[in-house]
Amino acid sequence: MRILVTGGAGFIGALAVWRLLDLGYDVCVVDNLSSGHRSALDRASRLAGRPVEFHLCDVRQTSQLISIMQSFRPEAVMHFAGLKSVAESVACPELYYENNVQGSLSLVQAMLQCQIDRLIFSSSATVYGANGVPPFGEDAELGPVNPYGRSKWMVELLMRDICSAHPEFSGIILRYFNPVGAHPSGLLGEWVQGSPNNLVPYVMGVLQGRFDRVRVFGSDYPTSDGSGVRDYIHVLDLVEGHVAALNLPKGLSVFNLGTGRGYSVHEVIQAMQSVSGRIIPFDVVDRRPGDVAVSIADPCRAHQAMAWKAERGLIEMCQDVWNFAQCSPKGYELE
Ligand code: UFG
């Protein structure tokens, strides 16, 4: 089976490419390398011992996508390409509507033109917003509170309409909770240039001496220790969810990809301390605007429909992140 992977040089995309190659799929990647790294793909290919086809291409370039699809003839598309910073989306919403919404529309147009009818889309738990009561089931009310979340929601609506109009189409929406972790080899993981927004990459930066202290946002959330609680999921479990989605029937499907279990910021810092054997200094500061107190998945639907379940726990995620920090101290920078 041939799979086209957009954003295949990014954090989750490159791990998906490795896993697909490893399972024997033929993989073609399109990536504009705005945040991804060509060397991540080389590493994925080396780890799997199989080649990967690569095209420097932005998903908004519909005609280039069409010619790639006509020559590679993929049976399915995994769509990871997109921008993902909440703060940047508030400052420059037009970038998010252009890259995430227009980019996805361009991809769908190319797929329809080339009669490729299976799309697996990276959505986000952020579409649930702040209204619901966790754990969130897929039918919970949606209400994202920032342009990034709204851009994901819009693509979900687009996919819903495409599936209604084209009964042969399989549209699979995967709502990620908080992906963390790395390949156990230490060769593939999350590498953020500059100052990361997300907790675990920031903690990793402190462990590497790139930053002095972690800021814990908030001490008065209604949680066990007052910090925010999230459903962290190992990126390799997340990738398995995409592989499982290749076998779903036609039509629209929506799944949470999470573990169903939440951890506070302090618990994550504690876990990173225990796997690294180092003290992680932190300061407790004010809440970060836009953060919800608790975000936890109800992952039952994915278990029932795809026999998929997250297998790895927080310690394994942290071990793999720490291992990546040691094996790839400069990420992909020097290659
Ligand atoms: N946090 C800190 N200090 C930091 C960074 C984060 O205390 O330096 C806290 C946050 O307040 C939150 C938790 O750590 O309680 C997790 O924050 P992240 O930024 O790692 O993740 P978010 O839950 O805010 O957001 C992530 C992705 C989004 C996605 C969302 C889905 O960044 O793209 O999960 O819930 F939409």
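**Close-up 1. Asp42 and Arg38 sit about one helical turn apart in helix α2.** Being four residues apart in helix α2 (residues 38–48), Asp42 and Arg38 are separated by about one helical turn, and in this predicted model their side chains meet in a salt bridge, with 3.0 Å from N to O. Asp42 counts as partly exposed, at 37% relative accessibility, and Arg38 is likewise partly exposed, with a relative accessible area of 34%.

**Close-up 2. A salt bridge between Glu156 and Arg175 links distant parts of the chain.** The closest N and O atoms of Glu156 and Arg175 are 2.7 Å apart in this salt bridge. Glu156 belongs to helix α6 (residues 147–165), while Arg175 belongs to strand β6 (residues 170–176), and the two residues are 19 residues apart. Both Glu156 and Arg175 are buried, whereas Asp42 in the preceding view is partly exposed.

**Close-up 3. Strand β6, which holds Arg175, runs parallel to strand β11.** Seven bridges join β6 to β11, and within this pairing Ser170 stands opposite Gly251 in β11. Six of the seven residues of strand β11 (residues 251–257) are buried, so the strand is largely enclosed by the rest of the structure. As background for this view and for the next one, strands of a sheet pair through backbone hydrogen bonds, either parallel or antiparallel.

**Close-up 4. Three strands form an open sheet in the order β12-β9-β14.** The pairing in this sheet is mixed, and its edge strands are β12 (263–264) and β14 (294–295), each of which pairs on one side only. Strand β9 (residues 229–230) and β12 pair in the antiparallel sense over two bridges, and here Val229 stands opposite Ser264 in β12.

**Close-up 5. The ligand is surrounded by 18 residues.** Among these residues, Ser124, Asn198, Arg215, Arg230 and Asp291 come nearest to the ligand. The residues of the shell divide into seven nonpolar, six polar and five charged, and strand β8 (residues 214–217) gives the most to the shell, with three residues.

**Close-up 6. Backbone and side-chain atoms of the protein approach oxygen atoms of the ligand.** A backbone N or O atom of Leu199 lies 2.8 Å from an oxygen atom of the ligand, and a backbone N or O atom of Phe217 lies 2.9 Å from an oxygen atom of the ligand. For Asp291, an N or O atom in the side chain is 2.5 Å from an oxygen atom of the ligand. The protein covers 90% of the 680 Å² of accessible area that the ligand has on its own.

**Close-up 7. Asp291, one of the residues that come nearest to the ligand, also forms a salt bridge with Arg288.** The closest N and O atoms of Asp291 and Arg288 are 3.0 Å apart. Asp291 is partly exposed, with a relative accessible area of 25%, and Arg288 is also partly exposed, with a relative accessible area of 31%. Elsewhere, salt bridges that share partners join Arg19, Asp22 and Glu240 into one network, and the count for the structure comes to 16 salt bridges.

Terms used
Residues numbered from 1 in each chain as written. Predicted model: local features only at pLDDT ≥ 70, side-chain atom pairs only at ≥ 80, totals over all residues. Heavy atoms only, no water. Near = heavy atom within 4 Å. Polar contact = N/O pair within 3.5 Å; in protein donor to acceptor, adjacent residues only side chain to side chain. Areas by Shrake-Rupley, 256 points an atom, 1.4 Å probe, with all protein chains shown as cover. Nonpolar A, V, L, I, M, F, W, Y, C, P; charged D, E, K, R; others polar. Salt bridge = Lys/Arg side-chain N within 4 Å of Asp/Glu carboxyl O. Buried < 20%, exposed > 50% of the residue type's maximum accessible area, 1.4 Å probe, protein only. Pairing = 2+ DSSP bridges.
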